[in-house]
Amino acid sequence: RIMITGALGQIGSELTEKLRGIYGVDNVLATDIRQGENQNGPFSILDVTDAQKMHDLAKDFGADTMMHMAALLSATAEEKPLLAWNLNMGGLVNALETSRELGMQFFTPSSIGAFGPSTPKVNTPQDTLQRPTTMYGVNKVSGELLCDYYFQKFGLDTRGVRFPGLISYVAQPGGGTTDYAVDIYYKAIEEQRYTSYIAKGTYMDMMYMPDALQAIVDLMEADPAKLIHRNAFNVTAMSFDPEGIAASIRKHILEFQLSYEVDPARQAIANSWPDSIDASAAKAEWGFKAQYDLDAMTADMLEKLKKKLAYA
Ligand code: VAH
């Protein structure tokens, strides 16, 4: 039985549906800081900084797996660094402690944000220098080390992936740096043009949400004897800059126009991250394989958003 924190977030909202489809609606307890609409399964309000409530919810539900998804993303964390530290690290410690006490398998995502300006930018290795210059990155590197510690020290079965920018049409992301790559699709349909806050030539790793969700399931179901790494595996599907995604959109919306109004704060974050990372360890240790490339993602995003926005 699975407990998810941050179940109303960009990943959490779709992960909840995916896991309910695989393991059964009643076997997945969704939790978040606020009441969600149209919950079609077990749901409870949970502030992840409330350790006692988290423990009690997991125990009462009989959870054997913790998917800890609640966190502030990079841009928000840079605006409110102390809140980010308290929420991102306080929530993580509580989720690890609950999982240790109840013997649960544990997942939480890291990010390409766990790398910094001194990390090799092209084909970033699985094992390399990690000196991030953002609070989000400090949280993610600390989180990776803490999750490995719980595995080494307590034998807790912790697993994680370093997600690239994730693109989806269900829940709009909040407060990320890569979110321009989501916004651009909405604006392409609504206005046939987009003004990017990330500069031309800024390459970042990205992945379509269906591939991200499958990666979580595949990693959690992987044979632990084959795992050399644990927290956290590099995973990626593609790397592009704003011009690249615009060119892909123009294959469907010929008149699409891209312009720039660079946001110095989010550009500084993007500049500190890799251009493209190497996912060979994930492929070798648990068979990671992304299905969607840029053009396949664009075709699906535009088709699904046309329907979604038609009824908006
Ligand atoms: C962010 N989408 O922009 C998240 C993610 C790699 C990017 O961590 O903060």
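This short talk walks through some charged residues, some backbone features and a nonpolar patch.

Please keep in mind that we are looking at a predicted model.

Let's start with charge. Which residues gather in a patch of negative charge on the surface? They are Asp47, Asp50, Asp56 and Asp60. Take aspartate 60 from that group. Helix H2, covering residues 51-61, is where aspartate 60 sits. Is aspartate 60 buried or exposed? Its relative accessibility is 69%, so aspartate 60 counts as exposed. The cut-off for exposed is over 50%.

Now another aspartate, number 32. Look for strand E2, residues 28-32; aspartate 32 lies there. This one is buried. Yet aspartate 32 has no salt bridge. Where is the nearest side chain of opposite charge? It belongs to arginine 34, and it is 5.4 Å away. A salt bridge needs the side-chain nitrogen and the carboxyl oxygen within 4 Å.

What does aspartate 32 touch, leaving aside residues up to four places away in sequence? One run of contacts is Gly6, Ala7, Leu8 and Gly9. Aspartate 32 also touches Phe43, Ser44, Ile45 and Leu46.

On to the backbone. Most residues other than glycine have a negative phi, and most peptide bonds are trans. Here are some places to check against that.

First stop, asparagine 123. Find it in strand E7, residues 122-124. Phi of asparagine 123 is positive, near 55°, and this residue is not glycine.

Next, glutamine 192. Here too phi is positive, near 55°, in a residue other than glycine. Glutamine 192 sits in a loop, with helix H6 (180-191) on one side and strand E11 (193-196) on the other. How accessible is glutamine 192? It counts as partly exposed, because its relative accessibility is 29%.

Then the peptide bond. Which residues does a cis peptide bond join? Asparagine 231 and alanine 232, with omega at about 10°. Alanine 232 is in the loop between helix H7 (209-220) and strand E13 (233-234).

Last topic: the nonpolar surface. Leu82, Trp85 and Val138 make a nonpolar surface patch of about 280 Å². Turn to leucine 82 in that patch. Helix H4, residues 81-102, holds leucine 82. With a relative accessibility of 63%, leucine 82 counts as exposed.

To recap, then. Asp60 is one of the aspartates in the negative patch, while aspartate 32 is buried without a salt bridge. Asparagine 231 and alanine 232 share the cis bond. And Leu82 helps make the nonpolar patch.

Methods
Residues numbered from 1 in each chain as written. Predicted model: local features only at pLDDT ≥ 70, side-chain atom pairs only at ≥ 80, totals over all residues. Heavy atoms only, no water. Patch = residues over 30% accessible without salt bridge, like charges linked within 9 Å, V, L, I, M, F, W, Y side chains within 5 Å. Areas by Shrake-Rupley, 256 points an atom, 1.4 Å probe, with all protein chains shown as cover. Lys, Arg positive; Asp, Glu negative; His and termini not counted. Charge placed at Lys NZ, Arg CZ, Asp CG, Glu CD. Helix = DSSP H or I, 4+ residues; strand = E, 2+ residues; numbered from the N terminus. Buried < 20%, exposed > 50% of the residue type's maximum accessible area, 1.4 Å probe, protein only. Contact = heavy atoms within 4.5 Å.
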